[in-house]
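Here is my note on how the two parts of this chain meet. Please read it beside the model.

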Amino acid sequence: MGKFLIEKSLNIKGDVYIEGAKNSCLPILAGAILTNGKTTINKVPFLSDINIMCSLLEEIGIKIDKDEKNKTLNIDTKNIFNKELSYSLVNKIRASFLLAGALLARFGKVSIQMPGGCSIGVRPIDLHLKGFKALGADIKKEHGIIEIEAKRLVGTEIYLDFPSVGATENIILASVLAKGETIISNCATEPEIVDLIEFLNKIGAKIEGGGTETIKIKGVDTLNSCNHTIIPDRIEAGTFLTLGAATKGELNILNVNCEHLKAVISKLKEINVDIEEKDNSIKVFGKNIFKNIDIKTMPYPGFPTDMQPQFMSLMTLANGTSIINETIFENRFMHAAELGLMGADIKIEGSSAIINGVKKITGSKVKATDLRAGAALIIAGLCAEGQTEISDIYHIERGYYKIEEKLKNIGANIKRINY
Ligand code: EPZ
């Protein structure tokens with residue numbers, strides 16, 4: 001187990017290199033089940049979630065050579081076979097359920113543990129199962145295990161009641177080898193879905209409409225291999241932009257796609273932070289005083305829920321009252337109580353948080369409750385008077401590669417202690 005000890009850090013300045021997107025690499029690793037031959041994935045973030053997903057693929061005979069130094073995975077599915085995935089690994093990451101669609105497409109049968117909820121919400125999978133059923137699969141749920149079977153998946157029209165990222169990805173993965181065309185309406189439009197579609201089209205899938213609310217998948221008979229580079233992690237980039245604003249620092253964020261950060265950049269400009277956008281980098285110049293703003297989390301391209309906790313930390317020290325309305329997850333304000341221990345003035349009313357800006361916050365012993373909440377506490381700790389001790393940092397290290405090293409390189413006073 002580990003903790004971070006953080007002191008107030010006033011000279012946050014320098015370059016930060018952003019990793020490949022965790023939430024793009026995970027569905028693409030599920031898509032690797034559908035490849036034939038040797039596939040290479042570049043700009044892989046070697047986070048615990050990614051390593052767990054690789055272990056799950058190795059359980060079904062997929063050979064994976066990891067090259068962390070060059071951020072590359074070499075994958076060979078020559079000896080792939082189907083089996084029930086082990087509970088101990090599946091239970092560690094919700095994204096393991098993305099393997100269901102790919103296994104169903106390749107083998108016509110999946111037996112997998114129901115994914116649990118987590119601190120931010122129940123996280124149901126009804127829309128994933130609605131899609132599998134529509135494609136002709138039979139689904140049985142017993143003792144927490146889901147058995148999904150289909151002699152032949154047949155393309156169809158599927159409407160998603162909510163533009164779920166995971167359901168969109170799982171249905172795409174299940175339909176690439178189906179007979180005929182599948183049309184998914186009201187689907188998610190996140191950049192990570194566009195990246196998955198680009199990967200699948202490179203191995204021979206026929207998918208159109210990535211990034212729009214309607215995706216069309218023409219079933220094909222065989223798929224091959226490819227060489228693919230993961231898009232930059234917009235949430236890691238947004239986290240460091242927010243950190244630069246909160247600490248009144250000056251950061252140059254490298255390996256960024258500004259297009260994917262429009263909502264975050266626009267909100268930072270609204271609070272009176274200077275932002276300089278270049279082709280694949282962004283500079284942020286924090287200001288002494290920054291204004292309060294209101295935020296409503298929405299599906300992409302709206303303001304991302306995965307940036308909500310980080311902005312709550314920022315608004316804690318803004319001038320005036322800010323309101324955050326969290327519309328995606330029903331329990332994603334756990335970090336408010338932790339920030340309260342540091343002197344933040346935050347009231348939760350249903351799906352809204354009312355944040356009255358305070359002059360200062362003070363260091364305290366706090367707990368990371370999920371990966372983005374943990375990032376929010378790092379931002380608060382860097383601005384707080386005195387020492388902040390963050391426990392349960394395994395949450396943070398699930399989503400932020402070498403975060404302690406990256407923070408130290410930009411002048412943050414942070415130390416990791418193991419206990
Ligand atoms: C993905 O989760 C991300 N995870 C999450 O990032 C992110 O917060 C979320 O999308 C929203 O952008 C990965 O990509 C691995 P959803 P996912 O299905 O796919 C409801 C992080 O910080 N819903 O879009 O699980 C659900 O209850 C993580 O990296 C259903 O009702 O998100 C939720 O309210 C946290 N039925 C809403 O949709 C379903 O079948 C959004 O969920 C599926 C979802």
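1. Polar contacts. This is a predicted model. Nine residue pairs are in polar contact across the interface of domain 1 and domain 2, with both residues of each pair at pLDDT 80 or more.

2. Helices at the contact. On the side of domain 1 that touches domain 2, helix H12 (371–383) and helix H13 (394–399) each supply at least two residues. H13 gives the most, with three residues.

3. Character of that side. The domain 1 residues that touch domain 2 comprise 10 nonpolar, five polar and nine charged.

4. Salt bridges. The rule finds two salt bridges across the interface of domain 1 and domain 2. Look also at Asp 49 and Arg 398: their side chains form a salt bridge, at 2.7 Å from N to O. By the domain bounds, residue 49 falls in domain 2 (22–229) and residue 398 in domain 1 (2–18 + 232–418).

5. Layout. Domain 1 is made of two stretches, 2–18 and 232–418, while domain 2 runs over 22–229. Their C-alpha centres lie 30 Å apart. Domain 1 brings 24 residues to the contact, and domain 2 brings 20 residues.

6. Buried area. About 1,900 Å² is buried between domain 1 and domain 2. Carbon and sulfur atoms give 51% of that area. Which three residues supply more than any other three of the area that domain 1 buries against domain 2? They are Tyr 300, Arg 398 and Tyr 401, with 34%. Arg 398 thus appears twice in this note: in that trio and in the salt bridge with Asp 49.

Methods
Residues numbered from 1 in each chain as written. Predicted model: local features only at pLDDT ≥ 70, side-chain atom pairs only at ≥ 80, totals over all residues. Heavy atoms only, no water. Domains from an automatic or database assignment. Contact = heavy atoms within 4.5 Å. Buried area = accessible area lost by both parts, 1.4 Å probe. Salt bridge = Lys/Arg side-chain N within 4 Å of Asp/Glu carboxyl O. Polar contact = N/O pair within 3.5 Å; in protein donor to acceptor, adjacent residues only side chain to side chain. Helix = DSSP H or I, 4+ residues; strand = E, 2+ residues; numbered from the N terminus. Nonpolar A, V, L, I, M, F, W, Y, C, P; charged D, E, K, R; others polar.
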